[in-house]
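Subject: The structure we talked about

Hello,

Here is the structure I promised to pass on. Have a look at it first, and then read on for what turned up.

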Amino acid sequence: MNQKSWPAPAKLNLMLHVVGRRADGYHELQTVFQLIDLCDRLDIRVSEDGAITRPDGPPGVPEDVDLTVRAARALQLATGCRAGAEIRIQKRIPMGGGLGGGSSDAATVLVALNQMWRTGLSSGEIEAIGAKLGADVPVFVAGRSAWAEGIGEKLAPVSLGADSWFVVVFPGVAVPTAAVFQAPELTRNSPPTTMRGFLETGGRNDCEAVVRARFPAVGEALDWLGRHAPARLTGTGSCVFAKFSRAADAERVAARVPDTWRAWVARGLDESPLLEELGRWGVAKW
């Protein structure tokens, strides 16, 4: 099969603690990645000429800097594959929202082309390639909600239950991740915790105070959603979310979101739909 459509799911950071800063400038984190069923779709066609092209993609993102193109080229380089690919991206996940859309798109390209090009890499080998593209790429390659440490690449799968529902609100601004992590006021010495500690206390997002102060629209969204349920920033933002036990409750709140914002009701997932797609190829879950 030389052409196929693949899913690329979003994630939420249910908590995000910054516990230190490394000598290379990266931050040591502890976070819980919750996969959700809000997905981009990638239509990928294999070519024989070795060219990597992306004729349809996010507006304002040049082809050569798009993570999907970089991912395909990285897989080519790592495996010596001489095939090419045409990648068309149907975006639903907002950019700059802290939902991991770009990283997920890159992970989907790596996983998909590993099958379509028959390069035969393991999940761990693909994760290693993905980690060089972005700290969030490995969790999407692994395809499971996870407890994460390091810069986000040390993953332990967790079962968070598939009966949770989230209202996700995008307040219309993009937050640059680098600016948040470079902010002098960012807390960088949170005491390390554990998954059990998170389950007992709920944790927090250390980036939230920085983003709230610098991006008033995010603060407004947090305050609005917080009147209906406990609300939190995901990643470095700008999206905020609240958890509900019933889809009907989430739908009711989402229907009230101000028209100037975008909102989705998303279901929590323990496993990525990307793994389900691999199963249709006869690939055992890794």
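How many of the 16 residues of helix 2 are buried? The answer is 15, so helix 2 is largely enclosed by the rest of the structure. Before I go further, please keep in mind that this is a predicted model.

**Helix 2 and the core around it**

Helix 2 runs over residues 101–116, and its end C-alpha atoms are 22 Å apart. That agrees with the 22 Å that 16 residues should span at 1.5 Å a residue. After the helix comes R118, whose phi is positive, near 60 degrees.

The largest nonpolar core has 41 residues, and those that touch the most other members are I44, V109, L110, L113 and W117. The element that gives the most to this core is helix 2, with 8 residues. If you click on W117, you will find that it touches V46, I52, A72, L75, Q76, C81, A83, G84 and A85, leaving aside residues up to four places away in sequence. There is another core apart from this one, made of 28 residues, including V175, V180, L186 and V240.

**Helix 1**

Two of the residues that W117 touches, A72 and L75, are also among the buried residues of helix 1. The others buried there are L67, T68, V69, A71 and Q76. What covers them? The cover for the buried residues of helix 1 includes strand 2, strand 3 (52–56), strand 4 (84–90), helix 2 and helix 3 (123–131).

Helix 1 covers residues 67–79, 13 residues in total, and reaches 18 Å from its first C-alpha to its last. This is close to the 18 Å expected at 1.5 Å a residue. Just after helix 1 sits G80, with a positive phi of about 75 degrees.

**Strands 7 to 10**

Strand 7 is a good place to look next. Of its 6 residues, 5 are buried, so to speak of it as mostly covered is fair. Strand 7 pairs with strand 9 in the antiparallel sense over 5 bridges, and with strand 10 in the antiparallel sense over 6 bridges. On the strand 10 side, W165 has R267 as its bridge partner. On the strand 9 side, F166 has K243 as its bridge partner, and V168 stands opposite F241.

Strand 9 is mostly covered too, with 4 of its 5 residues buried. It also pairs with strand 8 (residues 231–233), in the antiparallel sense and over 3 bridges. Here R232 stands opposite F241. The hairpin of strand 8 and strand 9 has 6 residues between the strands, and in this hairpin G235 takes a positive phi near 55 degrees.

**Aromatic pairs**

How many aromatic pairs does the structure hold? There are 2. One is formed by F166 and F241, which meet edge-to-face at 6.1 Å centre to centre, with 70 degrees between the planes. F166 lies in strand 7 (residues 165–170) and F241 in strand 9 (residues 240–244), so the pair ties together parts that are 75 residues apart in sequence. F166 and F241 are both buried.

W224 and W261 also form an edge-to-face aromatic pair, at 6.3 Å centre to centre and with 85 degrees between the planes. This pair links distant parts of the chain: W224 is in helix 8 (residues 216–226), while W261 is in the loop between helix 9 (247–254) and strand 10 (262–269), 37 residues away. Are these two tryptophans buried or exposed? Both W224 and W261 are buried.

One more ring is worth a look. K4 lies over the face of W6, at 5.7 Å from the ring centre.

**An exposed spot**

Finally, where does A23 sit? Its place is in the loop between strand 1 (3–21) and strand 2 (27–47). The relative accessible area of A23 is 91%, well past the 50% cut-off, which means that A23 counts as exposed. A23 and A146 are 123 residues apart along the chain, and their C-alpha atoms are separated by 26 Å.

Happy browsing, and write back with any questions.

Best wishes

Conventions
Residues are numbered from 1 along each chain as its sequence is written. This is a predicted model: local features need pLDDT of at least 70, side-chain atom pairs count only at pLDDT 80 or more; totals for chains, interfaces and linings use all residues. Side-chain values use heavy atoms; hydrogens and water are left out. Helices (H or I, at least four residues) and strands (E, at least two) are DSSP runs, numbered from the N terminus. Buried means under 20% relative accessible area, exposed over 50%, partly exposed in between (1.4 Å probe, protein chains only). The expected span of a helix is 1.5 Å times one less than its number of residues. Rings of Phe, Tyr and Trp (its six-membered ring) pair if their centres lie within 6.5 Å; planes under 30 degrees apart count as stacked, over 60 as edge-to-face and the rest as tilted. A charge sits over a ring if NZ of Lys or CZ of Arg is within 6 Å of the ring centre and within 35 degrees of the ring normal. Two strands pair if DSSP finds at least two bridges between them. A nonpolar core is a set of buried Ala, Val, Leu, Ile, Met, Phe, Trp, Tyr and Cys residues joined through side-chain atoms within 4.5 Å. Contact means heavy atoms within 4.5 Å.
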